[in-house]
Amino acid sequence: MKKRQPHRDIPLGNFEEEQGQQGFYGRVSHLIKEKPSTRWTHIEGNLKPRLFNLAKFKKEGWIPLLYNDNVSLFLYQLEKADTACRMVDGDVLYFCHKGSGVILTEYGLLNYSEGHYFMIPKCFTHFMIPHSKSSFFVIKSLKSHFREPDRGMLGRHALYSSNSLIKPDLKALQNYLKKHKLEVKKVMHYHQGESTCFTYKDCIFDVLEWQGDLFPFSLSMEDIMPIMSHRVHLPPSVHTTFLTQEFIVCSFLPRPLEEDKSTLKVPFYHQNTDYDEVIFYHKGDFFSRDNIDKGMMTLHPAGFPHGPHPKAFQASSHKTHTNEYAVMIDSQSPFKRTKEISSLEIPDYWKSWK
Ligand SMILES: [Fe+2]
């Protein structure tokens, strides 16, 4: 058999499919097929690719989307300040899809705007004050804490430097409270699906100084430097932004496409046998998907191969860059759908590869 690097020199008119374990970290094989693996004609049953239009949800508040024992996903929208809160079930990673404002924490003030992640450690008090109507895609880790990916041979400052993680500004918090004559005396605790409100005699934000390596922080997508190869399409795992022991969070960002003529430019057809995959589309044109708009979310459960839409496949030969901003979660445990999400589903998505 001819030696061949995966994702390159695919015989003209044929299709490559990757079948792999442990996300993109385990054993894999690459199959050359005459036809793409996404040529199903009918799917009867619940295991199928799904698309949800989260932009259809206009109300304020929390809407639970998908969940399992390790991670739960929400959409959170607010126009005015909510109550200060502590998420007792685990670390919370907020991704700001729309709006701007401030987050007050005991460690200081963080500004937020579109395209920023905010990591608030488990049980840490935070109080969100929007300056404009705000919409967050929220990832709650229920078993282990978020950490940065290992950079390995890329060097410690690859992907994003630790300098790009913005620490809360304590002085700015003190000035903000003074300027707005604000005293925060109520804290809502969210725990095991219930809420408990603690009321205090005076303002809970009374920290004078702090030190240590555990603190809330923000990271802008603009400060993430995507990793790429000009010769071969790299797996999504190179775009890992944060991870826990049970799932990874990746950021898909604008980048140049591979240059070599013999290289596949769209994501390869693949069967990621151990992981369910969720993608939240923030903005831009998602180059491997047709008819996907900002504010939409896809769920591709483990169990069948998936890959680019036919139009995206054809269009890729003319493109030189991607212009996409999206957040992906690859989860070891299968996702369950909440009742609330069913009204946002676009039921014919599974037909979109035809
Ligand atoms: Fe995938």
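# Close-ups of a two-domain model

**View 1. The β13–β14 hairpin, turn first.** In this hairpin, two residues sit between β13 and β14, and Q192 takes a positive phi near 55 degrees. Keep in mind that this is a predicted model. Strand β13 covers residues 186-191 and runs antiparallel to β14, with six bridges joining the two. For a landmark along the ladder, look for V187, which stands opposite F198 in β14. How many of the six residues of β14 are buried? The number is zero, so β14 (residues 194-199) lies largely in the open.

**View 2. The seven-stranded open sheet.** Reading across, the strand order is β15-β10-β7-β12-β5-β4-β23, and the pairing is antiparallel. Which strands stand at the edges? They are β15 (217-220) and β23 (336-337); each has a single partner strand, so one side of each is left without a neighbour in the sheet. As a reminder of what holds such an arrangement together, strands of a sheet pair through backbone hydrogen bonds, either parallel or antiparallel. Toward the β15 end of the order, β7 (residues 91-98) and β10 (residues 116-120) pair in the antiparallel sense over four bridges. F95 is a handy marker here: its bridge partner in β10 is Y117.

**View 3. Strand β5 and the two strands it pairs with.** Here we zoom in on β5 (residues 71-78), which is mostly covered, with six of its eight residues buried. On one side comes β4 (residues 61-67), paired with β5 in the antiparallel sense over six bridges. The link from β4 to β5 is a hairpin, made through three residues. To find the register, pick out I63 and its bridge partner in β5, L75. β12 is the other partner in this view: eight bridges join it to β5, and again the two run antiparallel. L73 marks that ladder, with I139 as its bridge partner in β12.

**View 4. P168, tucked into a loop.** Where is P168? Its place is in the loop between β12 (134-141) and α1 (170-179). Loop or not, P168 has 23 C-beta neighbours inside 10 Å, so it counts as buried; the cut-off is 20 or more. Leaving aside residues up to four places away in sequence, P168 touches T105, Y107, G108, L109, L110, F215 and P216. Take Y107 from that list: it is 61 residues from P168 along the chain, yet their C-alpha atoms are separated by 5.7 Å.

**View 5. The small open sheet, β2-β1-β19.** This one has three strands in the order β2-β1-β19, and the pairing is mixed. Its edge strands are β2 (28-33) and β19 (269-272), each pairing on one side only. From one strand to the next, the twist averages 20 degrees. Strand β1 (residues 15-20) runs antiparallel to β2, and six bridges join them. Look for F15 to place the pairing: its bridge partner in β2 is K33.

**View 6. Where the two domains touch.** The domain assignment splits the protein chain into domain 1 (15-52 + 226-347) and domain 2 (59-221). Their C-alpha centres lie 28 Å apart. The contact takes 29 residues from domain 1 and 28 residues from domain 2. On the domain 1 side, the elements giving two or more residues are β16 (240-243), β17 (247-252), β20 (276-285), β21 (296-300), β22 (321-331) and β23. Which of them gives the most? That is β22, with four residues. By type, the domain 1 side divides into 16 nonpolar, nine polar and four charged residues.

**View 7. The largest nonpolar core and V278.** In soluble globular proteins, nonpolar side chains tend to be buried together. The largest nonpolar core in this model has 66 residues, and those with the most contacts inside it are L93, V249, V278 and A326. Domain 1 and domain 2 both give residues to this core, so it lies between them. V278 makes a good centre for the close-up: not counting residues up to four places away in sequence, V278 touches L66, L73, M297, T298, L299, M328, I329 and F335. L73 may look familiar from View 3, where it has I139 as its bridge partner in β12.

Notes: Residues numbered from 1 in each chain as written. Predicted model: local features only at pLDDT ≥ 70, side-chain atom pairs only at ≥ 80, totals over all residues. Pairing = 2+ DSSP bridges. Axes fitted to C-alpha atoms, helices over the stretch in contact; angles between N-to-C directions. Core = buried A, V, L, I, M, F, W, Y, C linked by C-beta atoms within 7 Å. Buried ≥ 20, exposed ≤ 12 C-beta atoms within 10 Å, placed from the backbone. Domains from an automatic or database assignment. Contact = placed C-beta atoms within 7 Å. Nonpolar A, V, L, I, M, F, W, Y, C, P; charged D, E, K, R; others polar.
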